[in-house]
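Colleague: Before I use this model, I would like to go through the terms applied to it and hear, for each one, what supports the word.

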Amino acid sequence: MAEMDEPKKKRRVVELTEKMVVDGGCGGTCEWEGRWNHIKKFLERSGPFIHPDFEPSPKSLAYLLETCKILVIGAGGLGCELLKDLALSGFQNINVVDMDTIDVSNLNRQFLFRSKDVGRPKADVAADFINSRIPGCHVIPHYKKIQDLDERFYRQFHIIVCGLDSIVARRWINGMLLSLLVYEDGELDQSSIIPLVDGGTEGFKGNARVILPGLSACIDCTLELYPPQINFPMCTIASMPRLPEHCIEYVRILQWPKEVPFGDGVALDGDDPEHIQWVFQRSLERAAEFNITGVTYRLTQGVVKRIIPAVASTNAVIAAACAIEVFKLATSAYVPLSNYMVFNDVDGLYTYTFEAERKENCSACSQVPQDLHFAPASKLQEVLDYLTESASLQMKSPALTATIDGKGKTLYLKSVASIEQRTRPNLSKTLKELGLMDRQELAVADVTTPQTMLFRLCFTS
């Protein structure tokens, strides 16, 4: 090609590129000489920074290409970057899960999508793009919620990497991986560990972390690190709104349950365009009453879904950091991050790492029930408030059950309207009136975890 003139060179490059896309590269073998030279430099030779137990070998590359299965959760700003980075790093067996469809507002940073893709599932489009662009890579999409997939699905993966914008979803997958751990005579079987690499961004800030379930700090061990949810005072929302957000929150919190626009028991779904449109229209009406401007469909969706700002370059940095950690975990060539990296380029550039420590009484990963200290005269509502407002628990809609007089009894359940109505009077009863005893075990289920958590009720004087 060195002797060709420039136009012929360009035509030849185009021909080779088209051939790779059509037949998977090099006559359908999906390989060509030198394709993985950049990876081989890390896996087939020694160096001063390799893992002390690592032995350079061609087998590591073969494992990466043929065996290692990766699950990417989320196909948004972080997820698109992750899929691209992982596929170009040699991972060829990838699954991606995402419950969202593509919106026009996604196109400024989620680069696997185009205008023609608006309305289609993110997982499907992202998988199609990677599969067509990177020969040999096989991405399988799953257009559904992570909660719709069972233990057998998650157990098949060697590493799971998250690009989520939801703390609830992070906690749920954290709980799922903890539920897959196997203990023999109280000792953790380390072959049952599926590492979790988690990335998060907010504007010009981001973080990447490596979690070894059962060994290192889990998501719930470090809930205090996540930014608190912004809540507006109810008096402001109800009587003195000043911002467009106040109007949207009024409709979300007060009007929706009162008017039940889509029927009894139908919760507001931030991913349902009809729901968002209804909230948007009512918010416009309330804003007009108080001469407030600025209510838009996009802002409405942002308030309802608690959407946080995103910057494409921050997503790229954090996704790259996560992909490197996945590579290190999959190959054992280098020591992985231990275990939390913070990135901040609001003013200049600042980054540091630290080791988050496990909590002995973590409600998610400890092997003993967490104690709840209440007086016998305390109301069940007080227990519920503690579970939702405690910085270390932050539950969303806990359901409480206990064994009383040898029978299982539902103390409170919010998610099913008929049961909520029947158990609501229990909230005003004392723990003693409900028949609960000192050292009683309470089973608590919540949307933040697939597991039922056990707590021990300890009466105080």
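**Terms and their grounds**

Modeller: Let us begin with a pair of charged residues in this predicted model: Lys-305 and Asp-100 form a salt bridge through their side chains, with 3.9 Å from N to O.

Colleague: What makes the contact of Lys-305 and Asp-100 a salt bridge?

Modeller: The cut-off is a Lys or Arg side-chain nitrogen within 4 Å of a carboxyl oxygen of Asp or Glu, and the N to O value for Lys-305 and Asp-100 is 3.9 Å, so the pair meets the criterion. Lys-305 belongs to helix H11 (residues 297-305), while Asp-100 sits in the loop between strand E2 (93-97) and helix H5 (122-133), so the salt bridge ties together parts that are 205 residues apart in sequence.

Colleague: Why is Lys-305 called partly exposed?

Modeller: Its relative accessible area is 30%, and because buried means under 20% and exposed means over 50%, a value in between is called partly exposed.

Colleague: Which parts of the chain does the pair of Arg-456 and Asp-371 tie together, and how far apart are the closest N and O atoms?

Modeller: The closest N and O atoms of Arg-456 and Asp-371 are 2.8 Å apart, and the pair is a salt bridge. Arg-456 lies in strand E15 and Asp-371 in strand E11, so the link joins parts that are 85 residues apart in sequence. Arg-456 has a relative accessible area of 24% and is partly exposed, and Asp-371, at 28%, is partly exposed as well. Elsewhere, salt bridges that share partners join Lys-116, Asp-117, Arg-120 and Asp-128 into one network.

Colleague: Within that network, is Asp-117 buried or exposed?

Modeller: Asp-117 has a relative accessible area of 4%, and because the limit for buried is under 20%, the residue is called buried. Arg-120, with which Asp-117 forms a salt bridge at 3.8 Å from N to O, is partly exposed, with a relative accessible area of 35%. Over the whole structure the search finds 13 salt bridges.

Colleague: How many disulfides does the search of the whole structure find, and how do you know that Cys-221 is in no disulfide?

Modeller: The search finds zero disulfides. For Cys-221, the nearest cysteine sulfur is that of Cys-365, 3.5 Å away, and because a disulfide needs two cysteine sulfur atoms within 2.5 Å, the pair does not qualify. Cys-221 is buried, with a relative accessible area of 4%. In the case of Cys-162, the closest cysteine sulfur is in Cys-322 at 9.0 Å, which is too far for a bond; Cys-162 is also buried, at 1% relative accessible area.

Colleague: What makes strand E8 mostly covered, and with which strands does E8 pair?

Modeller: Strand E8 (residues 205-211) has seven residues, of which six are buried. E8 pairs in the antiparallel sense with strand E7 (residues 196-202) over seven bridges, and with strand E9 (residues 340-344), again antiparallel, over five bridges; since two strands pair if there are at least two bridges between them, the word applies to both. Asp-198 stands opposite Arg-209 in E8, and Lys-205 stands opposite Asn-344 in E9. The hairpin of E7 and E8 has two residues between the strands, and Gly-203 in this hairpin takes a positive phi near 65°.

Colleague: Why are strand E11 and strand E13 called edge strands?

Modeller: Five strands form an open sheet with mixed pairing, in the order E11-E15-E14-E12-E13, and strand E11 (370-374) and strand E13 (407-412) each pair on one side only. Strand E12 (residues 399-404) and E13 run antiparallel and are joined by five bridges, with Ala-402 having Lys-409 in E13 as its bridge partner. Helix H13 (residues 380-389) lies across E11, E12, E13, E14 and E15, and runs at about 135° to E11.

Colleague: Which residues touch the most other members of the largest nonpolar core?

Modeller: That core has 51 residues, and those with the most contacts to other members are Ile-70, Val-72, Leu-83, Leu-86, Phe-91, Ile-94 and Val-161. Helix H12 (residues 312-331) gives the most to this core, with nine residues. Leaving aside neighbours within four places in sequence, Val-161 is in contact with residues including Ile-70, Val-72, Leu-86, Cys-322 and Val-326.

Conventions:
Residues are numbered from 1 along each chain as its sequence is written. This is a predicted model: local features need pLDDT of at least 70, side-chain atom pairs count only at pLDDT 80 or more; totals for chains, interfaces and linings use all residues. Side-chain values use heavy atoms; hydrogens and water are left out. A nonpolar core is a set of buried Ala, Val, Leu, Ile, Met, Phe, Trp, Tyr and Cys residues joined through side-chain atoms within 4.5 Å. Buried means under 20% relative accessible area, exposed over 50%, partly exposed in between (1.4 Å probe, protein chains only). Helices (H or I, at least four residues) and strands (E, at least two) are DSSP runs, numbered from the N terminus. Contact means heavy atoms within 4.5 Å. Axes are lines fitted to C-alpha atoms, for helices over the stretch in contact, and angles run from 0 to 180 degrees between N-to-C directions.
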